[in-house]
Amino acid sequence: MMKCHPISSIEYLTQSQKSIGPVTAYYTDSSMEPAGRWWCPNNWIRADGDIADSKSVARLAQGRHPVTGKAMVTGKGEQKRAGFDLTFSSPKSFSILWAVSSQQDRRRLEAMLMDSIRDTMEQIASEGLIEARRGKGGKTREAIKSPIAAIYLHRTSREGDPQLHGHSALMNFAMREDGTFGAVNNERILKEQMRLGAAFRLRLAERLEAAGVPVIADLDHGFRIRGDNPKLLNVFSKRRKTITAELKKQGIDRTKGHAEAADLASLATRGKKDDLPSPADLAKRWAKEIQAAGYQTGDSWSRMDGPQIERSIQTEHTAAKQIVADAIDEISKKQSLFERREIEALALVMAVGRSSSAAIQTAVDAAMTDANVVYTKRDELFTTNGIIREEREIAQIARSRQNEARSGFSTAATNLALNDDKFSDEQRAAIKHALSPHGVVVVEGGPGVGKTTCSAAILKACVQDKRRLILAAPSWTAAEILKTELKCNASYFAVDKLLYELKSGTLAFHHNDLILIDEAGMCSNSQIAALMRYAAKSGASVRLQGDSHQIASVSRGDPLSLIGRAIGGAEIRTIRRQKIEWMRAASMAAQKGNIKTAFEAYANNDAVTIATDADEAIETAATIFRESKGEAVAIAATNSTVAALNARLRMDAATIGLLTGPQITMKAIPRGQKNPKTAEAVDLPLRAGDRLIMGAEAKIGDLTLRNAARLTIRRIDQNGMIVLAIGENREISTTLSEIQRSGREGSAPIMQHAYATTINAAQGATWSKTIWLAGKEDSRSALVAMTRHTSTLDIVIDKASVPRSFDAEIMLDRTGMSDPSESIDERTDEQIIRTTGKCMEKILRPRNASDILGLPAQGQTIPRKARMSESQIRPDFTQLLPKRHGFRRDQMPDAPPGTTIVPAKTPAEGAETEAFKMLLKQIRDGQDEAAAKAQQRSRHDADANIDTAAADRRRFDAWIGNDDDTDGGAATMPQDQKPRRSSILDTLFNTDTEEAPPGKPQTPFQPTWRPPARPAPAHTTGTDDDYDNSAPGM
């Protein structure tokens, strides 16, 4: 991996300063750490590859000539940045190979590391990622001609484990193209550091293969040596063990699977290298540890005398093509929009042992110009035609199901649902919209605005009209919570389970069903697309509710926002959850994205505490927990932070008497594991009063516990019986052995304590008091964390985790360099709060491709027509009318009988355009007798002969953008009657294909028309003349 950190200062330690302590002597011990080397292209100021003497490095960091000391850059002072530390870390497997190798092979491996770093630095320079700054404040960026850096190799970690890594100290001083000197900007390096790190590791792997060492890809660590010794990997992971030991004091048994575990242990565990034994003593310790792990000299995996591993160029390019395709597929499962650098970074990691960096580069170039990949011309973002087609299908189904009379409710049901004087105007309007005669309806609402109240009204209407209500949500827990709050006997499902039941035929939708999807913003586009196909086929109504401002799905897309853009929807935005007015105001500010304002509101009311480090933050949370008498629930962004909080808060729960009786221990797997099937079960201590949360489905007897289900241990009897409380109204008796076998196929369950929870798991839940350990959340996560409470919220900020401009210092002596250390943080609490809030307000990447490309106008998709055979399909050209044409019936006397006219206000005189006249001609010529008869068929007959889903899909594909006339219903349409983008649609909606990037073919799906951000809710009643059946705003 590669990381780029700014350096606030580089200090040269003189001989007189060495007496201060042993630090310098350690770093200058040439037997332990090699001398630094210059990286200086074209030898422009130093000889490339020569030893980097520390005095010259320090002078360059000050903007002075390395030999004469003459100032070469104006304006450099004490507060100016000295440079940038580009840290290149080799995989652990590479470092262990170095540890077990002979001195000769060690030097070979160090040379591989140095050459890979230098090659990556050359790549950085050749791609123009190092820019020079010019002008006031350095705001002008320009290319540089000659950078300079000093590269230092280090062999050990802070715990004394073998860990080969390199520091490239890039000076904040370079020659511009015009021969002048200026400061360096690292913004582009920061953007590309993931890709550059992957390229560095692939180069390192290629050099190992050249030495006959086989390697395999490892998505977590870059690569591993094939057949390496797992015991050695464990032995030489003392940093992890140090953190584990620190957390174990608080009751944590392990940290495996938590990517950010290092941030949770005390900074005191981060030792200094001067505390380590001498190099000779370290070598002896390593030898003993290597022997104890069972390594034998000459083990096959560690031999470097084998034949060079070679692949033909054709083999590498064939593999690279498949690797890049797999990378695009993998990333597009989670993102509708992606950058080239993301594809390349993943492909480079996957290429280890299969291809080369050159072949991957060629394959990425080809993929980015492939017709299936669409360039959005916004922020270097790409998408695929498949993603666009899926989004357009969702929008098309939603639009085609507007104005379905059978989807509405009776007057009696509507009146019953609205019969409550406590409804606000927003809620009343939302309920009316939810009961309107549309097959698909969206109701958006922020946290704590009363969406459940609207759901209760929908339930009343369903009961009155004898319609089956089916509840669904992204998780079982969310669906169960909704069912509990509604106090009904409706069927409820997690969305994935609902789709499984539909696919297997166990469950079927009927036209009288209403499917209410709660927290729809946390569903993926593919989930909602599949569900809407089933609903459209059966005629079942769909109601989606949620909030597009809160956390979205971990999979691709934001269907709630997408459908809202397509058909509009009702909104409820007045937050009522918090009891105190200023808290409600802060929640409203957070809902609008003003996180900094919300932070300041809590700070002004003494509800924000600044901790100096992660340890102090956890202790502060524990103090608040005790003061709340255990009532408060802690919230954090990561599973690792939650693990540390759970252990610490459980100790306090015992102290204040919440836990009673004897303690027993069971085996369980913590939540948040990347691969639960291979994760280790650890000890989970239990006492009466303990709070637990499930991380996956478990089965105890006949009872199925869902993922995220919350349990409380009521008591543990002397005979070993355990009484569990599930929710508020249910208890079961079981045994310890039964719980330990309740996981998948009789394995240990995924379960942990629940004194703290992640923000994702907290969405949809409400507690009286909460504690938020604020970190690096985005605006969506911050909104959720700030709105879970009704009474109090205490915010704790770890000062060390808040980004700052100058955060590293480097000490030099002779030819050595220390590992960067953090400089003193002198920021005030006010600055920390302001910075934290601003960081959380960062602009997020759009979740849907249509957020950039827009959706086609109503007429560019064909409404679903019941019981129309493919030979009878004819386009309803009146659907092509945008709102701006808005002609009434009396202005279209030649329209054939049965034609649906889009009503609107009378346009100004002369509004008839050539495009509109062409449209009328198409209407007259395009309507034949068969189509007219199809439109006049009775609803009963249409229901009895509804088209199959496969035929629907083919028609959708044909009209959503697939112009291939070999498939789908549109294939049978006469060519002169099929509207083409290049004629009518382009004329009406200005959907000319946009200019593609250099080397990129012209691509479809890039309309310049944009729907309004938030259309007004549709009417719930009205006649044909006052109801607009086009999409809102079209």
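Okay, Glu697. In this predicted model, Glu697 sits in the loop between β27 (691–694) and β28 (698–700). Is Glu697 buried, partly exposed or exposed? Its relative accessibility is 48%, so Glu697 counts as partly exposed. If you leave aside the neighbours within four places in sequence, Glu697 is in contact with Trp476, Thr704, Leu705, Arg706 and Asn707. There's also Gly743: the C-alpha atoms of Glu697 and Gly743 are separated by 7.1 Å, and the two residues are 46 apart along the chain.

Let me zoom out for a second. The protein has 1034 residues, and 54% of them count as buried. It has 33 helices and 38 strands. Now take contacts between residues at least 6 apart in sequence: 72% of those join residues at least 24 apart.

While we're on contacts, have a look at Thr790. That one is in strand β36 (residues 789–798), and at 16% relative accessibility Thr790 counts as buried. Not counting residues up to four places away in sequence, what does Thr790 touch? Two runs of the chain show up in the list: Arg577, Gln578 and Lys579, and then Thr766, Trp767 and Ser768.

On to the aromatics. General reminder: you describe a pair of rings by the distance of the centres and the angle of the planes. The count here comes to twelve aromatic pairs. I'll go through a couple. In Trp98 and Trp286, the ring centres are 5.8 Å apart and the planes are at 75 degrees, so that pair is edge-to-face. Where do the two partners come from? Trp98 is in helix α3 (residues 92–100) and Trp286 is in helix α8 (residues 279–292), so to speak distant parts of the chain, 188 residues apart. Both tryptophans count as buried, Trp98 at 3% relative accessibility and Trp286 at 5%.

The next pair is Phe625 with Tyr755, again edge-to-face, at 6.3 Å centre to centre and with 90 degrees between the planes. Phe625 lies in helix α22 (residues 614–627), while Tyr755 is in the loop between β33 (751–753) and β34 (756–758), so this pair ties together parts that are 130 residues apart in sequence. Phe625 and Tyr755 are buried too. And if you want a cluster to click on, ring pairs link Trp44, Phe173 and Phe181.

Helix packing next. Pull up α10, residues 340–350, and α11, residues 357–368. They pack at an angle of about 145 degrees, and their axes are 10 Å apart. The crossing of α10 past α11 is right-handed. On the α10 side, the contact is made by Arg340, Ile343, Glu344, Ala347 and Leu348. On the α11 side you've got Ser357, Ile360, Gln361, Val364, Asp365 and Met368. How do the contact residues divide by type? Six are nonpolar, two polar and three charged.

Cysteines, then. How many disulfides does a search of the whole structure find? Zero. Why is there no bond at Cys462? The closest cysteine sulfur to that of Cys462 is in Cys488, and at 9.7 Å that is too far for a bond; the cut-off is 2.5 Å. Turn it around and start from Cys488, and the closest cysteine sulfur is the one in Cys462, at 9.7 Å, too far for a bond. Both residues count as buried, Cys462 at 1% relative accessibility and Cys488 at 11%.

Last item, backbone, for anyone who likes checking torsions. Most residues other than glycine have a negative phi. Asp379 has a positive value, with phi near 55 degrees, and Asp379 is not a glycine. You'll find Asp379 in the loop between β15 (373–375) and β16 (381–384). Asp379 is exposed, with a relative accessible area of 58%.

Lys466 is another one: phi is positive, about 55 degrees, although Lys466 is not a glycine. Lys466 is in the loop between α15 (451–464) and β18 (469–473). Is Lys466 buried or exposed? Exposed, at 70% relative accessibility.

That's my tour, thanks.

Conventions: Residues numbered from 1 in each chain as written. Predicted model: local features only at pLDDT ≥ 70, side-chain atom pairs only at ≥ 80, totals over all residues. Heavy atoms only, no water. Buried < 20%, exposed > 50% of the residue type's maximum accessible area, 1.4 Å probe, protein only. Axes fitted to C-alpha atoms, helices over the stretch in contact; angles between N-to-C directions. Helix = DSSP H or I, 4+ residues; strand = E, 2+ residues; numbered from the N terminus. Left-handed = near helix turned anticlockwise from the far one by under 90°. Contact = heavy atoms within 4.5 Å. Nonpolar A, V, L, I, M, F, W, Y, C, P; charged D, E, K, R; others polar. Phe/Tyr/Trp six-rings, centres within 6.5 Å; stacked < 30°, edge-to-face > 60°.
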